[in-house]
There are 2 protein chains.
Amino acid sequence: MRKVTMADVAKLANVSKSTVSQYLNKRYEYMSEETKRRIAEAIEELQYRPNVLARSLKQKSTATIGVIVFNILHMLTTQVLRAIEDMCQQHDFHVIVCNTDDDPEKERKYIDMLWAKQVDGFIIFPTGKNVELYKKMQEARLPLVFVDRTVAGIDADSVLLHNERAVQLGVQYLIEQGYKHIGLVAPPFAPHVIPRTERIEAFHHALRDHGVSVEKEWVITEHVKRIPERLEALFNSNKLPEAIFAINDLTLMEVLAFVKKHQLAIPNDLAVISIDDVPFASIYTPSLTTIAQPTFEMGKIAAERLFMQMNGETSPQMFRLAPMFIERDSAKKRGEKNESSCHRS
Amino acid sequence: MRKVTMADVAKLANVSKSTVSQYLNKRYEYMSEETKRRIAEAIEELQYRPNVLARSLKQKSTATIGVIVFNILHMLTTQVLRAIEDMCQQHDFHVIVCNTDDDPEKERKYIDMLWAKQVDGFIIFPTGKNVELYKKMQEARLPLVFVDRTVAGIDADSVLLHNERAVQLGVQYLIEQGYKHIGLVAPPFAPHVIPRTERIEAFHHALRDHGVSVEKEWVITEHVKRIPERLEALFNSNKLPEAIFAINDLTLMEVLAFVKKHQLAIPNDLAVISIDDVPFASIYTPSLTTIAQPTFEMGKIAAERLFMQMNGETSPQMFRLAPMFIERDSAKKRGEKNESSCHRS
DNA sequence: TTGTACGCGTTATCAC
DNA sequence: GTGATAACGCGTACAA
């Protein structure tokens, strides 16, 4: 059962390939009804499906983009991806998804392979370690948008959270609620990981701006697996801060595990606030005050910029999206009657 | 800056296209070192990248598969997808991801377009409403694996949770813990949605097998948005069951929201158990007893089967994967000292 | 060891 | 209105 091609259709309909091609591309203008009918019948009878590959070869467009992320399992990624896919669906584009696990080597390989596959553009959550390659992509005028992180030295469209503002919102709220002893929990400082760096630095600035000194012990920048021991140490020496700012969902989970282990009351024993609006924030007890990233908007903008790049010239632009502060109960004023808090003695 | 092709490389290296092709395909056997070197230099100098599209056209393989899911935002989907992508990465395959939102029309369109794009196979979370199309795919010997649901009348590889066993595990545990008044929370019954149907039916069977009668009021099969009012009604008439079985993560969230609203104590006021191991299960208070789906294994098997189909003949097979029971605190025996329970009066 | 010529399934350009 | 014919970029017999 060989694959049926345009030639087969043409033969059966007693016309030439070109006529069939015209028909498929709806260039009916000078086509007799009779011919149309015969072609339609032949297509139906042979169950003919045009081979998009051949068309792409000719037209130099695959209607496919590559999206390269660290890990599709992260909520941020999933949501951005969903928004991108929605946009692509509207344009009859397809999305190839790749996970790098933040490994530059995997990233390089994916970019190379997708490039070879002639994808029409890339949306990348960059590891930041393939600067030369990113440069080559730009030289080749390959549409490219960075999300979540930018890359120093590459002038490309980038869609990022306004990290500084996000931290400011959180710190300011804690201060307003009367907290002075505020800790931070984050993964290790790494210069090329923009969001992390920006958030850690913004935390220092924000405290200083409010006239609060930064207690070194309370700034935990550690691999996620080692965060528990750092928290334990503080607990054992009775030096817990009053409030903790978790810079993302992963670190938040560590904090909550710690809280549960010691049956601390939130917010009375420890106020908690985080960036990333985890799905259980509102059903957790107490409900969690969070600073949400506008993930769907990020994906939408990334896709829009990519399409703009594909349709001609646009100059690279940096988008800093506003975080959304979602007040719930986990960082309310201490001692305030907290309906949903839960303390056992 | 025209695209550089093999011909350009050949010219610069002073050899013919075929020699370059040989080189690229590592058929070095009869090639002089000198030639190799010249070709390598030319490739480097011109920044040549082979056009995989043209190759695919010739070789009838795109090294790309299509994965069509309801919604990438669901945890099940994301995890299965991650496993699939990992397998594909090992085989140098790429994954195109599509969201149908359970809309048959979108599904049809995606299948058509990806088919036209010559993908080498499909992994589908089927809406179940495109039976004729699935059949055509099989007739065309297009590799195809269903995940999460099967489709009646289509004899294809399918990877599903052993839903009946999952429900049995949960019900049996609840009974063992002394619960007799057990409710179910599920989306509306829909015949073609296999997991839902199987779980609801298995619930009835399991209760009967344990000599417990099924209280109609306690079996809530309702659109997620209407679940709250059903629960409210029970609460207001003081007819809550002792325990609730949530058949998936979405319904679990509704139950937990309800529990929070009325400040019920889990498990003393209401025991809770669910299928789908939500990420916060262990940090929630009390920690949640769940029945986990082996999502990564599901993805792995789906991909393996797809590759097997691509490599020749295999007969369609149904895989029923064992659920994993994860005992935590949310469905412990009533009155038992529950370290992590939390009750305020 | 290398080169020639053709095929893959389309589309675009002109003739007719 | 329709049909040849030449691309598109690569793989591959087969010839040299």
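Before looking at what surrounds the DNA, we need a way of sorting residues: Ala, Val, Leu, Ile, Met, Phe, Trp, Tyr, Cys and Pro count as nonpolar, Asp, Glu, Lys and Arg as charged, and the others, Gly among them, as polar. Sorted in this way, the residues of the surface near DNA strand C are eight nonpolar, eleven polar and seven charged. Here a residue is near a strand if one of its heavy atoms lies within 4 Å of it.

A word on where the values come from. The model is predicted, so local features need pLDDT of at least 70 and side-chain atom pairs count only at pLDDT 80 or more, while totals for chains, interfaces and linings use all residues. Residues are numbered from 1 along each chain as its sequence is written, chains are lettered from A and ligands numbered from 1 in the order in which they are written, and side-chain values use heavy atoms, with hydrogens and water left out.

Let us stay with DNA strand C. There are 26 residues around this strand, and A:Tyr48, B:Ser16, B:Tyr30, B:Thr35 and B:Lys58 come nearest. Which part of the strand faces the protein? Of the strand C atoms within 4 Å of the protein, 64% belong to sugar or phosphate and the rest to bases. Some polar contacts (pairs of N or O atoms within 3.5 Å; within protein, one must be able to donate a hydrogen and the other to accept it, and residues adjacent in sequence count only if both atoms are side-chain atoms) show this in detail. The side chain of A:Tyr48 has an N or O atom 2.6 Å from a phosphate oxygen of strand C, and for a polar side-chain atom of B:Thr35 the distance to a phosphate oxygen is 2.3 Å. Two or more residues of this surface come from each of α2 (17-24) and α4 (52-59) of chain A and α2 (17-24) and α4 (52-59) of chain B. Such helices (H or I, at least four residues) and strands (E, at least two) are DSSP runs, numbered from the N terminus. The largest share, four residues, comes from α4(A).

Now turn to DNA strand D. This strand is surrounded by 25 residues, the closest being A:Tyr30, A:Thr35, A:Lys58, B:Met6 and B:Tyr48. A polar side-chain atom of A:Lys58 lies 2.5 Å from a base nitrogen of strand D, whereas a backbone N or O atom of B:Met6 is 2.6 Å from a phosphate oxygen. Here the largest share of the surface, four residues, comes from α4(B).

Finally, how do the two protein chains meet? In all, 67 residues of chain A are in contact (heavy atoms within 4.5 Å) with 67 residues of chain B. The size of an interface is often given as the accessible area lost when the parts come together. Between chain A and chain B, about 5600 Å² is buried (accessible area, 1.4 Å probe, summed over both parts), and carbon and sulfur atoms give 56% of this area. Six salt bridges (a side-chain nitrogen of Lys or Arg within 4 Å of a carboxyl oxygen of Asp or Glu) link the chains; one of them joins A:Asp101 and B:Arg82, at 2.8 Å from N to O. Strands take part too: β2(A) and β2 (residues 94-99) of chain B run antiparallel, joined by two bridges, and strands pair if DSSP finds at least two. In β2(B), B:Val97 is the bridge partner of A:Val95.

How values were computed. Buried area = accessible area lost by both parts, 1.4 Å probe.
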